[in-house]
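Biologist: Hey, could you walk me through this model? I'm new to this, so plain words please.

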Amino acid sequence: MPEKVLAAVKVGPATTELREIELPDLPPDAALLKVEVAGVCGTDVSQYKLPLRGAPLIMGHENVGYLARVGTQFAEQKGVQEGDLVFLEEYLPCGHCEWDHMGEYRHCAATEWFYDPNAIRYGYTPVSTAPSLWGGFSRYIYLPLNAVLHKVPPGLPPEEASLATPMSNGIQWTLLDGGVGYGASVLVEGPGQQGLCCAMAAKAAGAGCVIVTGTSRDVRRLEVARALGADAVIDVEQEDALARVMTVTGGRGVDVVIDCTSGGSRAPVLLGIEATKRRGGTMVIQAEGSAVFPDFPIGRVTRKGMTLKSARGHSHRAVELALQHLASSRFPLELITTHRFGLAEVDYAIKSVAGEGAPGAIHVSVLPWK
Ligand SMILES: [Zn+2]
């Protein structure tokens, strides 16, 4: 008799149902992950509200768990065994393109349905794609041979390991893309889990001055930013943010801006352009979907000799560095991992990240066995 897997399935915009999904037979080149923690990402908030792209799906792309069943070929080729605690990347790369050989799976066409409508990515793939178990808001996840696994360092609890996605983005955007290093001054806009991980990455890299901005509803998050090492925090609704950045940096401006306000909206981008130093600053921006900026001040960017980079996902190396960072015990991660919910509460968990559920949420975990 086939076993059934309990999963929270998104059946429509902002609608989730608990369903049982048949556990697949496991070929020798596949494995099954028993999900311990699935982190709720900021992008889950916007994705959750969208119409389905075809069939229902299991969301959850920040996944940590134990390898419960491992096919012989999978074990041999991946160097893993049953019982290993691993972090699973959301990407399922083709394995043979130039990007995959560099560990830059986020650029692989096989991980992007903009290029390939049949692309599979954890947390975004409909249950109509066999064997359905493609998301972390479920007790098990199916792992084909091209799944990308990172072993969790000994001593790092699964819930803290589930910060590997925002932390690897933080390291990618702040250090690897933004070039932040010893003595740098950095403005991080937005104090959510992503911004806080950027601030931690900057401090760990030796930044001399890290400034974090938020709004008046972010009072607690800005306190956490201070506890994680931010040198200054700014409530942009209460203060003149640009004037404050200039005061904190002695009138110089910052070397690097990381926009983690997640919309690519006007005010943070304009603040970032003005807050960078007179010449040669760098700004790393993220904006999803169809964001437009009709009067973008390109002349100002040119005059300041700025470099603009776009933040999108993380490399294999950034994830390895993130797991080392999280295991280092140098930062009070428990201030970020604020909430945990069971499978029946996935809807509320996502709403909590959106600021419409449990108060005070920063990083929210779904524990499918809770
Ligand atoms: Zn590829």
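Modeller: We'll go through the metal site, some helix pairs and a few odd backbone spots.

Modeller: This is a predicted model, so local features need pLDDT of at least 70 and side-chain atom pairs count only at pLDDT 80 or more, while totals for chains, interfaces and linings use all residues. Residues are numbered from 1 along each chain as its sequence is written, and side-chain values use heavy atoms, with hydrogens and water left out.

Biologist: Cool. Which residues coordinate the zinc ion?

Modeller: Cys94, Cys97 and Cys108 each use SG, and Asp100 uses OD, at 2.1 to 2.3 Å from the zinc ion. Donors here are N, O and S atoms within 2.8 Å of the metal (3.2 Å for Na, K and Ca), and sites may look incomplete because water is not among the atoms.

Biologist: What spacing do the donors follow along the chain?

Modeller: The pattern is C-x2-C-x2-D-x7-C.

Biologist: And why is the arrangement around the zinc ion called tetrahedral?

Modeller: Because the 4 donor atoms subtend angles of 93 to 120°. Four donors count as tetrahedral if all angles lie between 85 and 135 degrees.

Biologist: Are Cys97 and Asp100 buried or exposed?

Modeller: Cys97 is buried, with a relative accessible area of 18%, and Asp100 is buried too, at 7%. Buried means under 20% relative accessible area, exposed means over 50%, and partly exposed is in between (1.4 Å probe, protein chains only).

Biologist: New topic: helices. At what angle do α5 and α6 cross?

Modeller: The axes of α5 (residues 164-177) and α6 (residues 193-204) cross at roughly 55° and come within 8 Å. That makes α5 oblique to α6. Oblique is whatever remains once angles under 35 degrees (roughly parallel), over 145 (roughly antiparallel) and 65 to 115 (roughly perpendicular) are taken out. Axes are lines fitted to C-alpha atoms, for helices over the stretch in contact, and angles run from 0 to 180 degrees between N-to-C directions. Helices (H or I, at least four residues) and strands (E, at least two) are DSSP runs, numbered from the N terminus.

Biologist: Which residues make that contact between α5 and α6?

Modeller: On the α5 side they include Pro166, Met167 and Trp173, and on the α6 side they include Gln193, Cys197 and Met200. Contact means heavy atoms within 4.5 Å.

Biologist: What about α1 and α12, how do their axes cross?

Modeller: The axes of α1 (residues 42-49) and α12 (residues 346-353) cross at roughly 120° and come within 8 Å. So α1 is oblique to α12. Gly42, Asp44, Val45 and Tyr48 in α1 meet Asp347, Ile350 and Val353 in α12.

Biologist: Now the odd backbone spots. Which residues does a cis peptide bond join?

Modeller: Ala130 and Pro131, with omega about 0°. Pro131 lies in the loop between α3 (98-101) and β6 (140-143). Most peptide bonds are trans, and most residues other than glycine have a negative phi.

Biologist: OK, what is the phi of Ser132?

Modeller: Ser132 has a positive phi of about 75°, although it is not a glycine. Ser132 lies in the loop between α3 and β6 and is buried, with a relative accessible area of 14%.

Biologist: And where does Ser329 lie?

Modeller: Ser329 is in the loop between α11 (316-327) and β14 (337-341). Its phi is positive, near 60°, and Ser329 counts as exposed at 66% relative accessibility.

Conventions: Tetrahedral: all angles 85-135°; square planar, octahedral: opposite > 155°, others 65-115°.
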